[in-house]
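Trainee: I'd like to learn how to read a model like this one. Can we walk through it together?

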Amino acid sequence: MSDQAVRNLENSAAEAQRPGPACAVQTFNLTRAFGRLVAVDGISLSIKKGELFALLGPNGAGKTTVISLLCCLLKPTGGTAYVLGHDITKEPYEVKKLIGVSPQETTLSERLNPLENLELIARLHDLPKAKAHQWSCLLLETMGLSERARDQVRNFSGGMKRRLSLAMALIADPQILILDEPSLGLDPQARRAVWEYIEHLKGEKTILLTTHYMEEADYLSDRVGIIDQGRIVSLGSPSELKTRLLDTHTILVKGWNLTQNVIASLQQRYQGVKLEGNTLTVSDRHLDLHELIEQLRRDGASVRSAYFKESTLEDVFIKITGKELRA
Amino acid sequence: MRFWQLFLRNLKETYRDQLALGFLLAFPLLFMLVFGVALGANEAPSYRIAAVDDDASPISASFITEGLPQALTLEVELASSAADALASLKLGDIRAFVVIPPGFGEAVVAIRSGTPANLNLDLTYDESDLAVSGEIVQTVRAILGEFAAIESPITVNAHPVNTQAKITQIDFIAPGIIIFGLLIMIPTSARIMTRDKENGYLRRLLTTPTHPWEFILGYSLCLLLIAVIQIIFFLLIGWLFGMDILGNLALAFGVYVLAAIASIGLGMVVAALAKSQTQAEPLTWLFTMPLAIISGVWFSLGSMPSYIRAISQIFPYAHAVEATRAILLRGAGFTAVGSDLVFLVAWAVGAILLGIFMFGRTMRA
């Protein structure tokens, strides 16, 4: 489905204020204000069943507020949302039965062991005792925590806690998985492990995750909603967003004799030319690697390496909002 | 039965936390020992006695208001009847009482004008209270002699009664220390609930289909069980140290449970107001310790200024201390502690309802 088609669908749904049958989550002009601060400002979006949707935005953009609203921890001050057909303002407990949540803070019951932590959540979701135990053991195995099943979790590393937190979101076999910053504060290796696990769940469950890591949204999601100051500013698959929004290309060049003359000569031909340290950045709507290298040679520079910079969602974000994501 | 799962979780969190556990049991125990030793030989310097004026003459009135208080060791209060005074004696509120018989005033007038007459005075005290039988009888006799301005004949009829009470230091300390332990339940409850609120664990659990009342019941049951264990532990310690338990243990237990419920309710209120544990803890200690002191958990309230006593009466703990001392040490029954009980029930219900309302509100969307 094209981005425009999705938007049309959302618009018509917003008019009807009725949840579509193919949607796992649908929000209609969802708004939440804290006094004069509008944290979520009229968001309308739909997440299809089985989709992995990433809400991408800087800290304070309103991601966690959206999550809190969908988990019925907060009441919207305007609009509403439906989770598998249940209105979050009218049937909070029905909604809570359908979702599994891994909050931003990896909060666990510190003096319980992982098995007890999992079993508690399972029991709060009304799973029978035997089933709660069986599923907990299974998930611990999957998450590689079986060996530490009887240790109090306060002694666990950040990565282990994060995996357990993920398992707690999964334990009741929810139809919708909500992950708030699932890899926050993890080292690259642990982050990769979490990503792999989420990837493995793709298609099986509808997943809504928030992140301020571009790579994470890029790597995992089917669709990304870029959120800034409480509004969705752009929506689409990562590659769609990049091709739609980034019409310039960039080549990075490293070499010697990158003199003022060389740069001046380049500037006559290309839109953006910048020298930082010994790296030359050249950007324009149309770029040819061979042409560029040829010109540099002619102007007396020697090129050690030259390559197209792959555009990232970060570039998309800067393009849309005019600011850097991690600022 | 989600509340039951939460109850079990809260219990595990607490008993696996040795520091918290030590705090709940060892801390009051330490106070018990320190105060037991420090105050071991230190008795109150003055005796409270009551006077019953059956004569109702100006002379008898002046004997009570001017004569008896001359003795620095006596604190005199008026009682309406001998039966009332006896009840106070049995509760230990007073150490002895005098009954001024009809005709006392006339006899004093007669003696002062030179006509011989018999002066009678009834003095009732606890036979086991050795200090009274010696000292108070002597003092009253001396004052009466001086008051009537004669040497003799004076008859002070001594009536030793058996109130069954032989109150030792441990007897006095133990019931109060249990209340101190229950006062510590305020910071403990506040800490347990604030911790879950602060680190976001409560938020996580709130994404499950659990209702606020189930959380509150899960916390309250756990805290109540801790309180019950505390009460039993300190009663056992008291018993080991030789505390005599004269009254109805179940009644005393009921009083303690009411005080515990009030503490849990107050802890919930603090947890609802506090943003963090570091905020909640000092805040609760700030009023728990002074409250412990003015509630008479370590010292008798009798030696405190009247305005302090008035403040202490606002809170449930002084009532609980008085009621349990009366029950355990002096065998007071249900009716004797009735007004304290009513006050405690009102506090327990009020505090827990306020706690549920305020903490419940923090959980609502």
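Mentor: Sure, starting with chain A: the centres of its domain 1 and domain 2, taken over C-alpha atoms, lie 44 Å apart. Domain 1 spans 3-235 and domain 2 spans 247-310, with bounds from an automatic or database domain assignment. Keep in mind that this is a predicted model: local features need pLDDT of at least 70, side-chain atom pairs count only at pLDDT 80 or more, and totals for chains, interfaces and linings use all residues. Residues are numbered from 1 along each chain as its sequence is written, and side-chain values use heavy atoms, leaving out hydrogens and water.

Trainee: How many residues does each chain bring to the contact?

Mentor: Contact means heavy atoms within 4.5 Å. Here chain A gives 33 residues and chain B gives 23.

Trainee: And how much area do chain B and chain A bury between them?

Mentor: Buried area is the accessible area (1.4 Å probe) that two parts lose on being put together, summed over both. For this pair that's about 2600 Å², with 55% on carbon and sulfur atoms.

Trainee: How many salt bridges cross the interface of chain B and chain A?

Mentor: Look for a side-chain nitrogen of Lys or Arg within 4 Å of a carboxyl oxygen of Asp or Glu. The rule finds four across this interface. A:Asp126 and B:Arg2 form a salt bridge through their side chains, at 2.6 Å, N to O.

Trainee: Which helices of chain B each supply at least two residues of the side that touches chain A?

Mentor: Helices are DSSP runs (H or I, at least four residues), numbered from the N terminus. The ones you want are H1 (2-15) and H8 (201-206) of chain B. H1(B) provides the largest share of that side, six residues.

Note on methods: Chains lettered and ligands numbered in written order.
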